[in-house]
Amino acid sequence: MSELLNIYTMNGIKLNNRVVMAPMTRSRAYDHVPTDSMVTYYRQRATAGLIVSEGSPVSMEGRGQAYTPGIYTDEQIEGWKKVTEAVHAQGGRIFIQLWHVGRSSHIAHQPDGQAPVSSVSRVAEGCTTHIPGDNCQSVRVFHSQPRALATDEVPRVTQDFVRAAKNAIEAGFDGVEIHAANGYIFEQFINGGLNDRTDRYGGNIANRLRFTLETVDAVSAAIGSHLTGIRIAPFGRLQDMHGFDDEQDTWLSLGIELRRRHLAYVHLSDQESLGAQAIPAGFLTKFREAYEGTLIVAGSYTQERAELALREGYADLIAFGRPFIANPDLVKRMKNGWPIAIPDKDTFYTGRDAGYIDYPTYHVD
């Protein structure tokens, strides 16, 4: 019997199965507003137990990738309403991923061409992003030199997340996921190999976690902890993140703190498939002991690996990313043992509808 396809109740929210569509940047919002094609894209995949949307910047300052839909203007709220209505009409559930890239940006994305902000003024060496180009094509560029947020500026960023979360609820989302993974702004504070601040947001573990937990608390107070999730990537190495001495203790301490907050879920991402190192053996068991609550795991899971993780209690929900790109009917394919199509990598972030909403569902001959 499949555990993956069973109904699951996530802190009061009923999900039709334990399959999560992972957040994936697709770069189709050419004016940063959700489009009709995005409505189709998410509606096609609404049989997932839970969809977590692509990362959506909480402000202009938070942007760092070309053609990503935000959640900080009235027009964006109205655009997202069409998406959530379409998903709900199919019986699905959808959270929005709230995003601030921090230093992983370029001045072309920033208000008035200002420097991106971070925990420190150190550039992410060798890292690139995409800025808008001609004919809705993007241009790859290196990250710009960031500036360190002053101590009294950090709460301002937290309030950007609060406003975005309120906007998301207005837009009809079932909840929000705070993006604290992939080397973006929260991880830039958490990572002891990067964060060399000497104020209340740097130094020991508690200080390095402070910004993240203050934001979780503020968002939870605004919309409810049961509607608030968070994505983290322990031992992450993306965006020029490096190891540090108390790395495991840092992530386990975060797990303990999140357990106390009774969130919708914690979403834990293993970045090995993205070219980074894998989460060390045994850590997931330790994190599961530290964090008692709904746990989503992501990281190139197959259906077989997902069933095993559920049976052995390592997770409650399993997130699938790339399989959902070429298989809008992924859940049905899993249920029936049908083949899983392979997506076209050349259209992950480019083009309009090609490689986006034109993947067919499976037909039995």
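**Entry 1. Terms and model**

I begin with the term I need to place residues: helices (H or I, at least four residues) and strands (E, at least two) are DSSP runs, numbered from the N terminus. I note that the model is predicted.

**Entry 2. Ser 27**

With that term in hand, I looked up Ser 27 and placed it in the loop between β3 and α1 (36–44). Its phi is positive, about 55 degrees, although Ser 27 is not a glycine. Is Ser 27 buried or exposed? Its relative accessibility is 4%, and buried means under 20%, so I recorded Ser 27 as buried.

**Entry 3. Asn 182**

I next turned to Asn 182, another residue with a positive phi that is not glycine; here the angle is near 60 degrees. I found Asn 182 in the loop between β10 (175–180) and α4. The relative accessible area of Asn 182 is 13%, so I entered this residue too as buried.

**Entry 4. Strand β10**

From Asn 182 I moved to the strand before its loop. How many residues of β10 are buried? I recorded 6 of the 6, so β10 is largely enclosed by the rest of the structure. I then sorted the side chains by direction: Gly 175, Glu 177 and His 179 point one way, while Val 176, Ile 178 and Ala 180 point the other way. Residues on both sides are buried.

I also asked which strands pair with β10. β5 pairs with β10 in the parallel sense over 4 bridges, and within this pairing Ile 96 has Val 176 as its bridge partner. Strand β11 (residues 228–232) is joined to β10 by 5 bridges, and these two strands also run parallel. There I noted Gly 229 of β11 as the bridge partner of Glu 177.

**Entry 5. Strand β14**

I examined strand β14 (residues 317–320) in the same manner. Both faces of β14 are covered: Leu 317 and Ala 319 are buried on one side, and Ile 318 and Phe 320 are buried on the other.

Which strands are joined to β14? Strand β3 (residues 19–21) is joined to β14 by 3 bridges and runs parallel to it. Strand β13 (residues 295–298) is likewise joined to β14 by 3 bridges, again in parallel. I traced Ile 318 in both pairings: it is the bridge partner of Val 19 and also of Val 297. Finally, I followed the chain from β13 through helix α8 (residues 303–311) to β14, and I recorded a right-handed β-α-β unit.

**Entry 6. The second largest pocket**

I looked up the second largest pocket and noted a volume of about 400 Å³. It is lined by 22 residues, of which the closest to its centre are Asp 270, Ile 279, Leu 284, Tyr 301 and Arg 305. Which elements give two or more residues to this lining? I listed α7 (283–290), β13 and α8. Of these, β13 and α8 already appear in my previous entry as parts of the β-α-β unit.

**Entry 7. Gln 110**

I located Gln 110 in the loop between β5 (94–99) and β6 (117–118). Its relative accessibility is 5%, so Gln 110 counts as buried. Leaving aside residues up to four places away in sequence, I found that Gln 110 touches Met 60, Glu 61, Arg 63, Ser 105, Ala 115 and Pro 116. With Ser 105 there is also a polar contact of 3.0 Å between the two side chains.

**Entry 8. Arg 200**

I located Arg 200 in the loop between α4 (185–190) and α5 (205–223). Is Arg 200 buried or partly exposed? I recorded Arg 200 as partly exposed, because its relative accessible area is 40% and that term covers values between 20% and 50%.

Which residues does the side chain of Arg 200 meet in polar contacts? I noted one with the side chain of Tyr 201 at 3.0 Å and another with the side chain of Glu 214 at 3.3 Å. Glu 214 also appears among the residues that Arg 200 touches beyond four places in sequence, together with Thr 151, Asn 207 and Arg 210. I further noted a separation of 38 Å between the C-alpha atoms of Arg 200 and Arg 93, which are 107 residues apart along the chain.

**Entry 9. Asp 249**

My last entry concerns Asp 249, which I placed in helix α6 (residues 247–259). Asp 249 has a relative accessibility of 45%, so it counts as partly exposed. I compared its position with that of Ile 205: the two are 44 residues apart in sequence, and 8.1 Å apart in space from C-alpha to C-alpha.

Notes. Residues numbered from 1 in each chain as written. Predicted model: local features only at pLDDT ≥ 70, side-chain atom pairs only at ≥ 80, totals over all residues. Heavy atoms only, no water. Buried < 20%, exposed > 50% of the residue type's maximum accessible area, 1.4 Å probe, protein only. Polar contact = N/O pair within 3.5 Å; in protein donor to acceptor, adjacent residues only side chain to side chain. Contact = heavy atoms within 4.5 Å. Pairing = 2+ DSSP bridges. Right-handed = clockwise from strand over helix to strand, strands pointing away. 1 Å grid on protein atoms, 1.4 Å probe; cavity = no way out; pocket = protein on both sides within 12 Å on 5 of 7 lines; lining within 4 Å. Points joined across faces, edges and corners; volume = space filled by probe spheres on them.
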